[in-house]
Amino acid sequence: MAPDWRDQASCAGEDPEIFFPLSDSASPGDEAFLARTICRRCPVLLVCRSWAIDHGEDDGIWGATTAAQRRAIRRARLGPQK
Ligand code: SF4
């Protein structure tokens with residue numbers, strides 16, 4: 001079986017609640033800030049982020065992005081709406 005990018009995830013073993021904060025606020029001390037700090041050292045950050053964007057993942061921190069950031073990326077990919 002092909003290796004899965006999740007096998008290299010830096011968040012493995014971390015408290016999942018860190019990655020599903022109640023708020024998207026990512027100021028120092030917030031859960032989202034801690035999650036994004038862990039993501040930034042993750043060797044699969046880009047593939048994780050792409051997976052979350054492509055799959056419409058609309059909850060939690062994935063690839064150092066908040067749900068709002070991923071929605072903005074998806075909107076930008078669609079281009080200007082008429
Ligand atoms: S980028 Fe973040 S959420 Fe994605 S696998 Fe790595 S640590 Fe986990």
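**Group meeting: a helical chain and its ligand shell**

I will start inside the second helix, with Ala35, which sits in α2, residues 31-40. What we have here is a predicted model, so please take every value as computed from it.

Ala35 has a relative accessible area of 0%, so it counts as buried. Setting aside neighbours within four places in sequence, its contacts are Ile18, Phe19 and Ile61. As for the start of the chain, Met1 is 34 residues away from Ala35 in sequence, and the two C-alpha atoms are 29 Å apart.

Staying in α2, we come to Phe33. Is Phe33 buried, partly exposed or exposed? Its relative accessible area is 32%, and because the buried class ends at 20% and the exposed class begins over 50%, Phe33 is partly exposed. Its contacts, again without neighbours up to four places off, are Ser25, Ala26, Ser27 and Pro28. Phe33 also lies 8.9 Å from Ala64, C-alpha to C-alpha, with their positions 31 residues apart in sequence.

That brings me to Ala64 itself. Ala64 belongs to the loop that joins α3, residues 45-54, to α4, residues 67-78. With a relative accessible area of 6%, this alanine is buried. Its backbone deserves a look: phi is near 65°, a positive value in a residue that is not glycine. Most residues other than glycine have a negative phi.

Now a step back to the chain. How many helices and strands does the chain have? There are 4 helices and 0 strands, and the order along the sequence reads α-α-α-α. The C-alpha trace spans about 45 × 40 × 15 Å along its principal axes. The chain has 82 residues, of which 30% count as buried. Taking contacts with a separation of 6 or more, 41% of them are between residues 24 or more positions apart.

Next, the segment before α1, where we find Trp5. Trp5 is buried, since its relative accessible area is 18% and the limit is 20%. Which residues does Trp5 touch, once those up to four places away in sequence are left out? They are Val44, Val47, Cys48, Trp51 and Trp62. There is also a C-alpha separation of 9.0 Å between Trp5 and Pro43, which are 38 residues apart along the chain.

Cys48, one of the residues Trp5 touches, leads to the ligand. Around the ligand we have Ala9, Ser10, Cys11, Cys39, Cys42, Leu45, Cys48, Ile61 and Gly63. Ile61 is in that list, and Ile61 is also one of the contacts of Ala35. By class, the shell consists of 7 nonpolar and 2 polar residues, with no charged residue. The ligand takes up the space of the largest pocket.

Two of the shell cysteines have accessibility values to report. Cys42 comes out at 16% relative accessibility and is therefore buried. Cys48 is also buried, because its relative accessibility is 12%. How many disulfides does a search of the whole structure find? The number is 0.

To close, three places to look at on the screen. In α2, Ala35 is buried and Phe33 is partly exposed. In the loop between α3 and α4, look at Ala64, with its positive phi. At the ligand, look at the shell, including Cys11, Cys39, Cys42 and Cys48, in a structure where the search finds 0 disulfides.

Methods: Residues numbered from 1 in each chain as written. Predicted model: local features only at pLDDT ≥ 70, side-chain atom pairs only at ≥ 80, totals over all residues. Heavy atoms only, no water. Near = heavy atom within 4 Å. 1 Å grid on protein atoms, 1.4 Å probe; cavity = no way out; pocket = protein on both sides within 12 Å on 5 of 7 lines; lining within 4 Å. Sits in = over half its atoms within 2 Å of the grid points. Nonpolar A, V, L, I, M, F, W, Y, C, P; charged D, E, K, R; others polar. Disulfide = S-S within 2.5 Å. Buried < 20%, exposed > 50% of the residue type's maximum accessible area, 1.4 Å probe, protein only. Helix = DSSP H or I, 4+ residues; strand = E, 2+ residues; numbered from the N terminus. Contact = heavy atoms within 4.5 Å.
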